[in-house]
Amino acid sequence: MSSPDAGPGPSASAGTDRRSMVLDSALVTFARFGYRKTSMEDVARAAHISRPGLYFLFSSKETLFHAAVTQALERDIAAVEHVLADADRPLPERLIEAFDQWAGRYIGPLTHDVAVVVEDNPDLLGEIVESTPRRFEELITNAIAVESGQEAAIPVAQTMISASIGLKHQAASREFYLERLKVAIELLVH
């Protein structure tokens, strides 16, 4: 028998990995069919799990949807934090990668649908749909402030975010989005 100090065993880790994989499958399924048209059966099939197994992990479609979006947003913010923390890289390079982690990966046919399904169901998601974008803006602002001061950083960060949103809606590809965003960042960051 293991001691209480030993931490989670292999089965706990496998359970966490399984849960994460189910949430990833759920997000893609919700993006493909929309929240209303997606059934728990659809998600179970996509995640290669039984429907009772899915209900064991998530008591309802609403709980599953909330958990899937929360996992994606938390993962995005963690990636942005990691990229921006690398002070050895030039700021414009870090900003482009941060925006790519935050928005660039959601450009394209199915990935665009992920953003739409999130935007169309804010009532199911609660405060995370407001707090996470605020956190992103704070991270971008703070990264710019290191080089240009807090007062100058706020309008620059807000303009970059506005440019990103506009480009995201215009872009047919992630490459197009990143090329145009690079131009915007080079103009805004001296």
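Start by selecting Thr 132 in this predicted model, where the residue has a relative accessibility of 7% and therefore counts as buried, since the cut-off for that class is under 20%. Thr 132 belongs to helix 8, and if you display the residues around it, leaving aside those up to four places away in sequence, you will find that it touches Leu 73, Ile 77 and Trp 102.

Keep Leu 73 and Trp 102 selected, and add Glu 119, Pro 133 and Lys 168: of the 22 residues that line the largest pocket, these five are the closest to its centre. The space in this pocket comes to about 600 Å³.

Next, colour the helices that contribute to the lining of the largest pocket, among which helix 4 (61-85), helix 6 (109-119), helix 8 (128-148) and helix 9 (150-170) each supply at least two residues. Which helix gives the largest share of that lining? Select helix 9, which provides five residues.

If you then colour the lining of the largest pocket by residue class, 16 of its residues appear as nonpolar, two as polar and four as charged.

For the last stop, move to helix 2, which covers residues 40-47, and show Met 40, Asp 42, Val 43, Ala 44 and Ala 47, which are buried. In considering their spacing, recall that an α-helix has 3.6 residues a turn, so residues three or four places apart point the same way. Finally, step from the end of helix 2 to His 48, which follows this helix and has a positive phi, near 55°.

Definitions and conventions: Residues are numbered from 1 along each chain as its sequence is written. This is a predicted model: local features need pLDDT of at least 70, side-chain atom pairs count only at pLDDT 80 or more; totals for chains, interfaces and linings use all residues. Side-chain values use heavy atoms; hydrogens and water are left out. On a 1 Å grid over the protein atoms alone, a cavity is a set of points where a 1.4 Å probe fits but cannot get out, and a pocket is an open set with protein on both sides within 12 Å along at least five of seven lines; lining residues have an atom within 4 Å of a point. Grid points are joined across faces, edges and corners, and a volume is the space filled by probe spheres set on the points. Helices (H or I, at least four residues) and strands (E, at least two) are DSSP runs, numbered from the N terminus. Ala, Val, Leu, Ile, Met, Phe, Trp, Tyr, Cys and Pro count as nonpolar, Asp, Glu, Lys and Arg as charged, and the others, Gly among them, as polar. Buried means under 20% relative accessible area, exposed over 50%, partly exposed in between (1.4 Å probe, protein chains only). Contact means heavy atoms within 4.5 Å.
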